[in-house]
Protein chains: 2
Amino acid sequence: MAGFTEDELVAAVRTILAEDVPGVRLGLGDDAALVEPGPHLVVLTADQLIESVHFRRETTSAHDLGYKALVVNVSDVAAMGGSPRYALVSLGVPKSVEMTWIVELYAGLRDAASEYALAIVGGDTSLSPTVVISIALVGEVAHSLAVTRSGARPGDRVVVTGTLGAAAGGLRIASAQKHDLAAVASKQGRTLLAAHARPVARVGEGQTLAREGATAMMDVSDGLAIDLGRLCRESRVGATVVLPNVPVSPALFELRSALGIEPLELALGGGEDYELLASLPPRAVELTTQLLKDRFGTKLTDIGEIRKGEGLVAIDADGSERPLEAQGWDHFAGT
Amino acid sequence: MAGFTEDELVAAVRTILAEDVPGVRLGLGDDAALVEPGPHLVVLTADQLIESVHFRRETTSAHDLGYKALVVNVSDVAAMGGSPRYALVSLGVPKSVEMTWIVELYAGLRDAASEYALAIVGGDTSLSPTVVISIALVGEVAHSLAVTRSGARPGDRVVVTGTLGAAAGGLRIASAQKHDLAAVASKQGRTLLAAHARPVARVGEGQTLAREGATAMMDVSDGLAIDLGRLCRESRVGATVVLPNVPVSPALFELRSALGIEPLELALGGGEDYELLASLPPRAVELTTQLLKDRFGTKLTDIGEIRKGEGLVAIDADGSERPLEAQGWDHFAGT
């Protein structure tokens, strides 16, 4: 990354991200950005992606990385029932990184910003021993429609959007030492890789779930079991999960033996799906399912029930119950 | 940092930061935070501190680091004439870091938050090969009082708060291989170290400068010469700096020979002072100087003039002029 100064980098970033966005009074390049306040509650979230922990530069394109870094933050706003508006992007890069890599990264950020109709209004760039992308996102949500993790009530159904496990399958492929090339090149292999590289944030789905009465909601970033455990803990309830009903990504079944994976295990324990997990009063499930299908082509699946007490219970096909262990990605335990 | 999980860390952070703050509907622990919108413009800024680039763990206490990480962001809001309100803190730490270190870091963050009356409402924690602290700050400013970098006009005076160079002097002491112990232990040595370790953000001063008609403003984070160059470039003007008028930190003169430093050089080129640099119509200088002294005990110094054209000119004691080179800390050029 020799041969350019911080001011030159900032100028390049401004060129890539230049856009007139309603509500932005002052964007990149000053001490801070200025945006118009809206009438709604302000949603604030932040997430960072760190090289060798969240991604490897050898297996991730800069464009995908920028895109994903923004989408994971959008997903957090979606999980509140909100709309993303403004992002701040702080980037740390080693000297060895080429300017073209940085430009591609910002192009990915710009594409995600455009996809989700938000503006990147500020941030920071500096040297770093390893690539670090820190994003803070400001969104908005109508006062009556904000959905937290803490409102689930016994009797509510547990629902989840889309399918689960594909991102974890893609990660398996991307980080495999030895590849089964036929499996990787197959339609299913590419589906899994894409799920990991370019996740989708369920913004419209989150707003529909909020309007239809979701009592609690979060996105599945660390794995269904661990994340449902968190939702239940915040709501001071327990939950059942009917294992045969968990919407496992179909591509996982096709590549089961080629990749040596257990599809249900990845669906329960694999992270980074960014689907929405919510509790919904039983009477609202049918209509909400229909609305998500009609409006977004997104499947909503009823996978279980909120119960009194605490802890998660897995229900097998034969109706037998056993504790569902909170598997998933814990950054510190490293399990 | 063995022996605790991400959920345990989040719980500990929530305990440290627990506080009821007006305007915060939902703080730490959910997918995102929810805060009340205000009537004013929203100020957004982000900055990250990266180990071995911005600090070294061997020479910085965790408490000071947390404190400083927040203050440098508050300074950016101050430089717009705004008030800080909400912060998002994302932390990356290596496995080798002890929980007590993290607790001390958050204690420093909490102390700075309390000092500047803002709330830490969210963020993220994860493993990282090196310590990374990324902060995004949301503030507010009345529509008519926001001051950008781009409004300086020929004839305006160039003013700066406080004194310059002390933080750079402190960094010299902190990173010296061989210490002159008498110099370090002296009152002046401790003044310099404190300036580097615990900077002050000029929030009230920024608001007063804005109200008294500052046409452009920024904080001095990379050094007076480089930062004034940026302000002038954004305003499409040039400026003079009367060198004998630059408010050099007095402690630098006392330790000149002991530390082998050139005080004026550090004042012009050293970063991290976080003083405010502004352009002010000539008629406003006297009153503003008086107000800053009366209200905050802060000195305001007239150091030069905004001129037509471009570039910076240094004026020596004898009135002779020469180009002022933009010295300072560029993260990429590494000068």
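**Figure 1. Overall size of chain A in the predicted model.** For a chain of 335 residues, a compact globule would have a radius of gyration near 20 Å, and chain A agrees with this because its own value is 20 Å. The C-alpha trace of chain A extends over about 65 × 55 × 35 Å along its principal axes. If you are counting elements as you look around, chain A holds 12 helices and 13 strands.

**Figure 2. How the two copies are related.** A turn of 180° with a shift of 0.0 Å along the axis lays chain A on chain B, and the RMSD is 0.0 Å. The two copies are thus related as by a two-fold rotation axis. Both copies use the same surface, since 97% of the contact residues of chain A recur in chain B.

**Figure 3. The contact between chain A and chain B.** Here 61 residues of chain A meet 60 residues of chain B. On the side of chain A that touches chain B, strand 3 (residues 41-50) of chain A gives the most, with 9 residues. Sorted by class, this side of chain A has 32 nonpolar, 18 polar and 11 charged residues.

**Figure 4. A sheet built from both chains.** Follow the strands across this view and you will meet an open sheet of 6 strands in the order 1(A)-2(A)-3(B)-6(B)-4(B)-5(B), with mixed pairing. Strand 1 (24-26) of chain A and strand 5 (119-127) of chain B stand at the edges; each has a single partner strand, so one side of each is left without a neighbour in the sheet. With direction ignored, neighbouring strands of this sheet are turned by 20° against each other on average.

**Figure 5. Strand 3 of chain B and its partners.** Strand 2 (residues 33-35) of chain A is joined to strand 3 (residues 41-50) of chain B by 3 bridges, and the two run antiparallel. To find this pairing, look for Leu34(A), which stands opposite Val43(B). Strand 3 of chain B also pairs with strand 6 (residues 132-141) of chain B, in the antiparallel sense and over 10 bridges. A handy landmark there is Leu44(B), with Val138(B) of strand 6 opposite.

**Figure 6. Helix 1 against helix 3 in chain B.** Helix 1 (residues 6-17) and helix 3 (residues 99-115) of chain B pack at an angle of about 35°, and their axes are 9 Å apart. The crossing of these two helices of chain B is right-handed. Helix 1 of chain B brings Leu9(B), Ala12(B), Val13(B), Ile16(B) and Leu17(B) to the contact, while helix 3 of chain B brings Ile102(B), Val103(B), Tyr106(B), Ala107(B) and Arg110(B). By class, the residues of this contact are 9 nonpolar, no polar and 1 charged.

**Figure 7. The seven-stranded sheet of chain B and a helix packed on it.** In chain B, 7 strands in the order 8-10-7-11-9-12-13 form an open sheet with mixed pairing. The edges belong to strand 8 (216-219) and strand 13 (321-323) of chain B, each with a single partner strand, so one side of each is left without a neighbour in the sheet. From one strand to the next, the twist averages 25°. Strand 7 (residues 157-161) and strand 11 (residues 300-307) of chain B run antiparallel and are joined by 5 bridges. Within strand 11, Thr301(B) is the bridge partner of Val160(B). Helix 7 (residues 203-211) of chain B packs on the sheet and touches strand 7, strand 8 and strand 10 (276-280) of chain B. The direction of helix 7 makes about 10° with that of strand 10 of chain B.

How values were computed
Residues numbered from 1 in each chain as written. Chains lettered and ligands numbered in written order. Predicted model: local features only at pLDDT ≥ 70, side-chain atom pairs only at ≥ 80, totals over all residues. Axes fitted to C-alpha atoms, helices over the stretch in contact; angles between N-to-C directions. Helix = DSSP H or I, 4+ residues; strand = E, 2+ residues; numbered from the N terminus. Left-handed = near helix turned anticlockwise from the far one by under 90°. Contact = placed C-beta atoms within 7 Å. Nonpolar A, V, L, I, M, F, W, Y, C, P; charged D, E, K, R; others polar. Pairing = 2+ DSSP bridges. Least-squares fit on C-alpha atoms with pLDDT ≥ 70 in both. Rg over C-alpha atoms; globule rule 2.2 N^0.38 Å.
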